[in-house]
Protein chains: 2
Amino acid sequence: MRKVAILGIGQTAIGEHWDKSLREIGGEAAFAAMRDASIDKVDALYVGNMLSPLIDSQNQLATFLADWIGLWRQEAVKVEAACASGAAAFRAGIMAVAAGEIDSALVVGVEKMTDKSGHDVTAALATAADADYEVEQGVSFVGLNALIMQRYMYEFGWKHADFAPFTINAHSNAMHNPFARLHEKINIDRFEKSVMVAAPVNLLDASPIGDGAAAAVIVPAEKATSMPGRPRVIMAGSASATDTIAVHSRKDPLFLDAAYQSAKHCYGIAGIKAEDIDVFELHDAFSIMSALSLEACGFAPRGQGVRLGLENEISPKGRVPICTRGGLKARGHPVGATGMYQIVEIVQQLRGECEETQVDGAKIGMAQNIGGSGATVLTHILKSE
Amino acid sequence: MRKVAILGIGQTAIGEHWDKSLREIGGEAAFAAMRDASIDKVDALYVGNMLSPLIDSQNQLATFLADWIGLWRQEAVKVEAACASGAAAFRAGIMAVAAGEIDSALVVGVEKMTDKSGHDVTAALATAADADYEVEQGVSFVGLNALIMQRYMYEFGWKHADFAPFTINAHSNAMHNPFARLHEKINIDRFEKSVMVAAPVNLLDASPIGDGAAAAVIVPAEKATSMPGRPRVIMAGSASATDTIAVHSRKDPLFLDAAYQSAKHCYGIAGIKAEDIDVFELHDAFSIMSALSLEACGFAPRGQGVRLGLENEISPKGRVPICTRGGLKARGHPVGATGMYQIVEIVQQLRGECEETQVDGAKIGMAQNIGGSGATVLTHILKSE
């Protein structure tokens, strides 16, 4: 397959966009990415979205957006993998260009969650879990993460305050990201006193939902050589893996096996090791997920993911910079769009556009997007050259 | 890209499967396809589904099914394009194998519509239309097709009875398909006296929903040479195109431009013309769609699609055999599964397994799957050799 590059990126601010419709949000990111790529047409559109059927009463979203953007007649593909929908659509776009089926792909992750015509958001998000064997028992998504976090604390002897660095780092970095949902510094005292949602997960352990879209233009690498004034960002690896959908079916609910599998596969494709990664946008939907992701991807031993935060290694100046633009926690988590925000942010890092939260000399970045409680995991490694 | 072949097919009967869950239906077709292909593992799973988030409260369906089938760790991808979800997933699977990313793909189209935990089915189906500009005005999916059919009759001078052959042919063929939902002969009298749904669309113009799943195993063509006793079925073309999502945005609502574009593109890839097609499984969600599909794909001049029925050219012995296993009309239309039923039926024809409705000497078959009112259209051409 051909080597492919990311020619352009675009995003909307994440918030409650009462003044913009679903198509307008998706279009805003799409047009921004095409402007950034200096192109005005693409061969096909790939859309990542989880909740538009439920919350916006809209299916067939790829064609819906292609229509709005003006890509009539072009192929349009919507991919859904719960909160990993964005990266799943990205992988579909990469594959089509790499295979030579098309010469350019626009990928848009989009979600409008705050202005619902249909379902309640908590009920809608629960569709990522097992409807028959988890949700029927009354477990919400926060509830599942609370069970995992409680067990982790019990097994490995951590206390709730030990997770604070994940939240503090994410909020600190988001202060410098104009697209982030939350611009608010957090300290350990606020973290510990935050309102409880589902013990031990409190409000500052959980990421906020929101409306937003992020997009990228993918082309064959040889067509991406001529963009002036910035390094070329190429795809070094793309991998996807799955686990059981229900947490209770796993041998070890404290190990994200699909994250491990997809990262391992992706390292192999890219020909690198975990320690070669300069910046890692992980899927911190809940603070426990930061710890588990760091462990599954080889940055920390089992049960020791929180230590990286406590030892101040996760900031942009640390050994394993994560959530450099705010992560899901503070940039916000418009679920089906999140995977594309992560890609956009890695590209910004590799281009050196992150100012206060720039990771010095970042050449290799990884983004990992998780659907459900670790059921679908996509890992992407990008390089600047 | 590599040439790919269909190594195995499987399907469930279409009906009201109160005794089977969504995962059981999907698994039944998946296991049947793997048995037919004489394999017990695949590299990745592609799932086409439209309504599980709405009707079954289940998202992330590809991982959900991979878990049930026992494909842990494998990649799983769900594609949604309204009623074209099945063929859209099929195309994703073809692309992955053709590109060399994987060596085998299992594609499952699945839908469980009659045992709802969530939405009403009519409201759920309406999510295929434009939520803002069609559905908000109170137009249902049947309503949109009724407006198109009314206009077609007015413009081209046909009367309602002229559409009867489409329904009569589909029901006649379904009599010989054990997987079909309806086993009931129809005549012109019953067609004309059937209960009105949305004038001029009556109950016998419309296809029935249902629960069902259909599946196929895709491998590189060179690995499909050794199946004894049946011809090899290879992919000769795959193409996808889109149109505006809202019918009122089209210059001509009586021309399925995306069907035309995707068929034209597919003929080009396969190096054939419409007249080379031996059997055509078209998307007869409503009888008007049969006429428009025949016209868009080059089998009849504009406004003359119904003539093929009236001249008895659409039966298995005719010049353009369509709906040879019952079509959407009588085999049934479990929406996200339909595209895969069409593929399975074309493979059955090319293998010569259709008995009473076998098209003599069928060597080239085409399947066309439509999402929305012609908004997303996928065309696939298969050949036996």
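**Entry 1: pockets**

I take a pocket to be an open set of grid points with protein on both sides within 12 Å along at least five of seven lines. The model I am reading is a predicted one. With that definition in hand, I looked up the largest pocket, and its volume is about 630 Å³. I recorded 31 lining residues, of which A206(A), S207(A), P208(A), I209(A) and F286(A) lie nearest the centre of this pocket. In chain A, α5 (121-125) and α6 (141-156) each supply at least two residues of that lining. By class I noted 19 nonpolar, nine polar and three charged residues in the lining of the largest pocket.

I then turned to the second largest pocket, which holds about 450 Å³ of space. Its lining comprises 24 residues, and the closest to its centre are L125(B), V142(B), S207(B), I209(B) and F286(B). The elements giving two or more residues to this lining are α5 (121-125) and α6 (141-156) of chain B. I listed 17 nonpolar and seven polar residues for the second largest pocket, with no charged ones.

**Entry 2: cavities**

I asked next how many cavities of 30 Å³ or more a search of the whole structure finds. The search finds five. For the largest cavity I noted a volume of about 290 Å³. This cavity is lined by 27 residues, and those nearest its centre are Y46(A), V77(A), A92(A), V79(B) and A92(B). From chain A, β3 (75-80) and α4 (85-99) each supply at least two residues of the lining. From chain B, β3 (75-80), α4 (85-99) and β11 (376-384) each do so as well. I sorted the lining of the largest cavity into 19 nonpolar, three polar and five charged residues.

**Entry 3: the two chains**

I checked how chain B relates to chain A. A turn of 180° and a shift of 0.0 Å along the axis lay chain B on chain A with an RMSD of 0.0 Å. I therefore entered the relation as that of a two-fold axis. I also looked up the interface: 100% of the interface residues of chain B are also interface residues in chain A, so the copies meet through the same surface.

**Entry 4: α4 against α13**

In chain A, I found that α4(A) packs with helix α13 (residues 338-351) at an angle of about 65°, the axes being 5 Å apart. I therefore describe α4(A) and α13(A) as roughly perpendicular to each other. On the α4(A) side I listed G86(A), A87(A) and F90(A), which meet G339(A), M340(A) and I343(A) in α13(A). The residues of this contact are four nonpolar and two polar, with no charged residue.

In chain B, the axes of α4(B) and helix α13 (residues 335-351) cross at roughly 60° and come within 5 Å. I noted S85(B), G86(B), A87(B) and F90(B) of α4(B) in contact with G336(B), G339(B), M340(B) and I343(B) of α13(B). The residues of this contact divide into four nonpolar and four polar, with none charged.

**Entry 5: backbone details**

Which peptide bond did I record as cis in chain A? The bond from A199(A) to P200(A) is cis, with omega near 5°, and P200(A) lies in the loop between β5 (196-198) and β6 (201-202) of chain A. In chain B, the bond from A199(B) to P200(B) is cis, with omega near 5°. I placed P200(B) in the loop between β5 (196-198) and β6 (201-202) of chain B.

Lastly, I noted that N312(A), although not a glycine, has a positive phi of about 60°. I located N312(A) in the loop between α11 (305-310) and α12 (327-331) of chain A.

Note on methods. Residues are numbered from 1 along each chain as its sequence is written. Chains are lettered from A and ligands numbered from 1 in the order in which they are written. This is a predicted model: local features need pLDDT of at least 70, side-chain atom pairs count only at pLDDT 80 or more; totals for chains, interfaces and linings use all residues. Side-chain values use heavy atoms; hydrogens and water are left out. On a 1 Å grid over the protein atoms alone, a cavity is a set of points where a 1.4 Å probe fits but cannot get out, and a pocket is an open set with protein on both sides within 12 Å along at least five of seven lines; lining residues have an atom within 4 Å of a point. Grid points are joined across faces, edges and corners, and a volume is the space filled by probe spheres set on the points. Helices (H or I, at least four residues) and strands (E, at least two) are DSSP runs, numbered from the N terminus. Ala, Val, Leu, Ile, Met, Phe, Trp, Tyr, Cys and Pro count as nonpolar, Asp, Glu, Lys and Arg as charged, and the others, Gly among them, as polar. Copies are superposed by least squares on the C-alpha atoms of residues with pLDDT of at least 70 in both. Contact means heavy atoms within 4.5 Å. Axes are lines fitted to C-alpha atoms, for helices over the stretch in contact, and angles run from 0 to 180 degrees between N-to-C directions. Angles under 35 degrees count as roughly parallel, over 145 as roughly antiparallel, 65 to 115 as roughly perpendicular and the rest as oblique.
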